Amino acid sequence: MTANTTAQAPVGYTDLLRHNRNFRYLWFGQIVSLLGDWFNLVASAALVGMLTQSGLAVGSLFVVRMLAPFLISPVAGVVADRYNRKHILIATDVVRAAVVLAFLLVRDAGDVWLLYTLTAAQFCVSGFFYPARNAILPELAREGELGAMNAISSATWSTMLALGAALGGLVAGAWGIYPAFLLDTLTFLLSAALLMQIRMPAAPATQSMDKTIAAGLRQYIDGLKYLYQHPNILFIASQKALNSLFLTAGSQVVMVAISQRVFTVGQNGGISMGLMFGLVGVGTGIGPILARKLTGDDGPTLRKAIIVGFLLSVLGSAATAPLLSLPAVLLATIVRGVGGGIVWVFSTQLLLQNVDRTVHGRVFATEFMFFYLASALASSVVGTALDTSLSISAIIWSMTALTLIPMTLWTLSVVRANQKPVTP
């Protein structure tokens, strides 16, 4: 395996944004695009809940959001490794703007199928965006910048989740749902305009390769072989999926139910929903940033920190389960977010440091494929459970207990790695 394992002095976040023009525009585009994304999430979930009054219907929305990019992931990974990644990002933003604008057509319960269809289209296109965005970071990074790029990108995702979800909840709760869809359309267009300012380095050799379908299929199979031949990389790439399967995806569905059935603030619980999603973002944003001050970009230390991330996720979920009060739930949500953010950001960093750049797109696409499938499954199960006699608290306790499985597996892998003799 060829990997970027050379120890490098980490670059600070301010220095990165000041001196790396290309990443600065990529980051600006991410800010405005994610703001609209989280407006869209809160608005869509509130709209489905309002029109159907069904936990299964809300869960199905999350299933569609995850299953659509899962189906497209094999193609998306090959595309990200064959074509100009900047052009991929711009094209996906423009197409998503057009799709999201059509959400304004959903007006009554008979239109819910259209909302699901448009959501599927939006997230199929997003399935091309995220592998290309992760894979482009090493192309834009100079020495020592990669860790800071990954951390600030993930923190921005979380911060905009906090801001976008909170604002989306406020807008939906105070003025209704449809303004959020219009704003999401505008943010995608602004993001595309910002991404056009990136000046890409010379195209790597992979972009001049054979572009036939047969060659694409061979590339995809080569990517799977790479993961098969490097089981440690495959295990790292499975962590987002495992955490989502047992906790995070189901928690999103549960938060909608809590806001509409238990602590309802604003129209259809829009404000309380926005607060919960927003504080998840606060936690996932500050957690990795603060933890990285202690870990740096050292691989073994990052692995140990992921154990702490899983533990905080478990503790936050356990503190949510009693549903004592809205402030107690919000505080526990932050703790869970801190843990989930550490798992997400540090597993991504380990992949960036250890995966051959020529297969970055396919490895990240496969990672997201695992994640999307796990999220769809969890959303479906939890959405169905919410329509049974099970209480919301019982569902949360079950997810909490199941999260001990990936935490234990990761801990054992770290212990085994520490016990291996050092090769002279």
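At 15% relative accessibility, leucine 323 is counted as buried, because the cut-off for burial is under 20% relative accessible area. This residue makes a convenient entry point to the structure, which is a predicted model. Leucine 323 sits in the loop that runs between α12 (299-320) and α13 (326-354). Its phi is positive, at about 50 degrees, even though the residue is not a glycine. In general, most residues other than glycine have a negative phi. A positive phi also appears at glycine 296, just after α11, with a value of about 60 degrees.

Stepping back for a moment, the overall picture is a helical one. The secondary structure of the protein amounts to 16 helices and zero strands. The protein has 424 residues, of which 59% count as buried. Among contacts between residues at least 6 apart in sequence, 86% link residues that are at least 24 apart.

Following the chain onward from leucine 323 leads to α13. Serine 325 caps the N-terminal end of this helix, with a side-chain oxygen 3.2 Å from the backbone nitrogen of alanine 328. The 29 residues of α13 should span 42 Å at 1.5 Å a residue, and the end C-alpha atoms are indeed 42 Å apart, so the two values agree. Helix α13 is mostly covered, as 23 of its 29 residues are buried. Helix α11 (residues 270-295) can be checked in a similar way: it has 26 residues and reaches 37 Å from its first C-alpha to its last, close to the expected 38 Å.

Leucine 323 also turns up among the partners of isoleucine 258, a residue of helix α10 (residues 239-262). Leaving aside neighbours within four places in sequence, isoleucine 258 is in contact with Phe263, Met276, Leu323, Ile392 and Ile396. Isoleucine 258 has a relative accessible area of 1% and is therefore buried. Between isoleucine 258 and methionine 276, which are 18 residues apart along the chain, the C-alpha separation is 9.4 Å.

Attention now turns to the N-terminal helices. The axes of α2 (residues 21-52) and α3 (residues 55-82) come within 8 Å of each other and cross at roughly 145 degrees. This crossing of α2 and α3 is right-handed. On the α2 side, the residues that take part are Asn40, Leu41, Ser44, Ala45, Val48, Gly49 and Thr52, and they meet Ala57, Val58, Leu61, Phe62 and Arg65 of α3. By class, the contact comprises seven nonpolar, four polar and one charged residues.

Helix α4 (residues 85-101) comes next. At its start, a side-chain oxygen of asparagine 84 reaches to within 2.9 Å of the backbone nitrogen of lysine 86. The 17 residues of α4 extend over 25 Å from first C-alpha to last, close to the 24 Å expected at 1.5 Å a residue. Its buried residues are Arg85, Lys86, Ile88, Leu89, Ile90, Thr92, Asp93, Arg96, Ala97, Val99 and Val100. The cover over these residues includes α2, α3, α5, α7 and α14 (360-386).

Which side chain does aspartate 93 join through a polar contact? The partner is serine 191, at a distance of 2.6 Å. Aspartate 93 has a relative accessible area of 0%, so it is buried. Beyond its neighbours within four places in sequence, aspartate 93 is in contact with Ser33, Phe129, Phe188, Ser191, Ala192 and Leu195.

One of those partners, phenylalanine 188, belongs to helix α7 (residues 178-195). With a relative accessible area of 0%, phenylalanine 188 is buried. Not counting residues up to four places away in sequence, phenylalanine 188 touches Ser33, Asp37, Asp93, Arg96, Ala97, Val100 and Gln122. The C-alpha atoms of phenylalanine 188 and valine 32 are separated by 7.4 Å, although these residues are 156 residues apart along the chain.

The loop between α4 and α5 (112-140) holds aspartate 108. At 39% relative accessibility, aspartate 108 counts as partly exposed. A polar atom of its side chain lies 3.0 Å from the backbone nitrogen of glycine 110. Aspartate 108 and leucine 51, 57 residues apart along the chain, have C-alpha atoms separated by 6.4 Å.

Key:
Residues are numbered from 1 along each chain as its sequence is written. This is a predicted model: local features need pLDDT of at least 70, side-chain atom pairs count only at pLDDT 80 or more; totals for chains, interfaces and linings use all residues. Side-chain values use heavy atoms; hydrogens and water are left out. Helices (H or I, at least four residues) and strands (E, at least two) are DSSP runs, numbered from the N terminus. Buried means under 20% relative accessible area, exposed over 50%, partly exposed in between (1.4 Å probe, protein chains only). The expected span of a helix is 1.5 Å times one less than its number of residues. A polar contact is a pair of N or O atoms within 3.5 Å; within protein, one must be able to donate a hydrogen and the other to accept it, and residues adjacent in sequence count only if both atoms are side-chain atoms. Contact means heavy atoms within 4.5 Å. Axes are lines fitted to C-alpha atoms, for helices over the stretch in contact, and angles run from 0 to 180 degrees between N-to-C directions. A crossing is left-handed if the near helix is turned anticlockwise from the far one by less than a right angle, and right-handed if clockwise. Ala, Val, Leu, Ile, Met, Phe, Trp, Tyr, Cys and Pro count as nonpolar, Asp, Glu, Lys and Arg as charged, and the others, Gly among them, as polar.
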